[in-house]
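Got your viewer open? Here is a short tour, one selection at a time.

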Amino acid sequence: MSHHHDHSHSHTGNKKALFISFLIITTYMFVEAIGGFLTNSLALLSDAGHMLSDSISLGIGLLAFTVGERVASYSKTYGYKRLEILAAFFNGVTLIIIALFIVYEAIGRFSNPPEIASTGMFVIGIIGLLVNILVAWIMMRQGDTHDNLNLHAAFLHVISDMLGSVGAIVAAILIMLFDWGWADPVASVLVAILVLNSGWKVTLDSIHILMEGTPKNIDIDDIVQTMNKIDGVKSIHDLHIWSITSGINAMSCHAVVDGNISITDCQKILRTIEHELAHKGIQHVTVQMENSDNPHGESIMCEGHYPVHIHHHHH
């Protein structure tokens, strides 16, 4: 039971972190966008665009956490937990699009740098940096920015935002001191590269989960060995391990047991498997027991003839 409690506790923290961050970022995004227009700085505008994506991503992340709390139903037997992953995917793609757009804008500015009100740009950049540091701190204090993909995606947004503010500050200083107008588009391209990098990673991670890929923190060989070591288990096949959402992993497999084993022993074996795998980060375990006198299929992974399996059982 303690596992479930941990999950719901971190869930509340994640939600709270996202909510506070959402309010702060959205408010400041307007400040920065207006500042970008008034000072004519692409670095500030690109940072504001990035903050807009932050704000949207935090909002969607928040929505996903909230809807994800809805109870499982007959039509959604896992509930709505996958929405967190869809939110992370959406975030990743948005980051990639924003990055490409900033680069496109910056190219135009290299050939034709506009006049920039560097003092205003500097002041707004400093405030932006402080805002991002505050938000990142709230997320790390309140939520699980490491293991929860949804919150991790939002956290990456904030970190690359922070670097965006640093870029704007440095560019503003260079323009003030040396009148280097090109520093503004250069800063925005650097921001774009950081944004692209984090967007790409989050997108790949979320696709991996949506494709039912094996969770990154799970070692399949280790799981198979652990189960094979349990008394009474002869072999394991048809093994599947996947994530329902960040931090909730599930597994199903067929376990071949001794032919003369009793139902009570089967129950004991099942409980042992559940107990062992809970320590390895798998919360949902489904095991189909098979008699060693008549097992079907020997391979660890499924050979893909699902429907046929059903007819081969001799109980």
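A word on accessibility before you click: buried means under 20% relative accessible area, exposed means over 50%, and partly exposed is in between (1.4 Å probe, protein chains only). This is a predicted model, in which local features need pLDDT of at least 70 and side-chain atom pairs count only at pLDDT 80 or more, while totals for chains, interfaces and linings use all residues. Residues are numbered from 1 along each chain as its sequence is written, and side-chain values use heavy atoms, with hydrogens and water left out.

**Stop 1: the rings.** Select W180, which at 34% relative accessibility counts as partly exposed. Now add F178, also partly exposed, at 47%. Rings of Phe, Tyr and Trp (its six-membered ring) pair if their centres lie within 6.5 Å; planes under 30 degrees apart count as stacked, over 60 as edge-to-face and the rest as tilted. F178 and W180 are stacked, at 4.7 Å centre to centre with 25 degrees between the planes. Next, bring in W182: its ring centre is 5.1 Å from that of W180 and the planes are at 20 degrees, so this pair is stacked too. Ring pairs thus tie F178, W180 and W182 into a cluster.

**Stop 2: the sheet.** Helices (H or I, at least four residues) and strands (E, at least two) are DSSP runs, numbered from the N terminus, and two strands pair if DSSP finds at least two bridges between them. Show the open sheet of three strands, with order 1-2-3 and mixed pairing. Strand 1 (233–245) and strand 3 (284–291) are at the edges with a single partner strand each, so one side of each has no neighbour in the sheet. Colour strand 2 (residues 248–257) next: strand 2 and strand 3 pair in the parallel sense over eight bridges. To find one residue pair there, pick A255 and its bridge partner in strand 3, M289.

**Stop 3: a helix and its leucine.** Turn on helix 8 (residues 263–278), which lies across strand 1, strand 2 and strand 3 and runs at about 145 degrees to strand 3. Axes here are lines fitted to C-alpha atoms, for helices over the stretch in contact, and angles run from 0 to 180 degrees between N-to-C directions. Which residue to pick in helix 8? Try L277, which lies in this helix. L277 counts as buried, at 0% relative accessibility. Leaving aside neighbours within four places in sequence, L277 is in contact (heavy atoms within 4.5 Å) with I223, M227, M251, I282 and V285.
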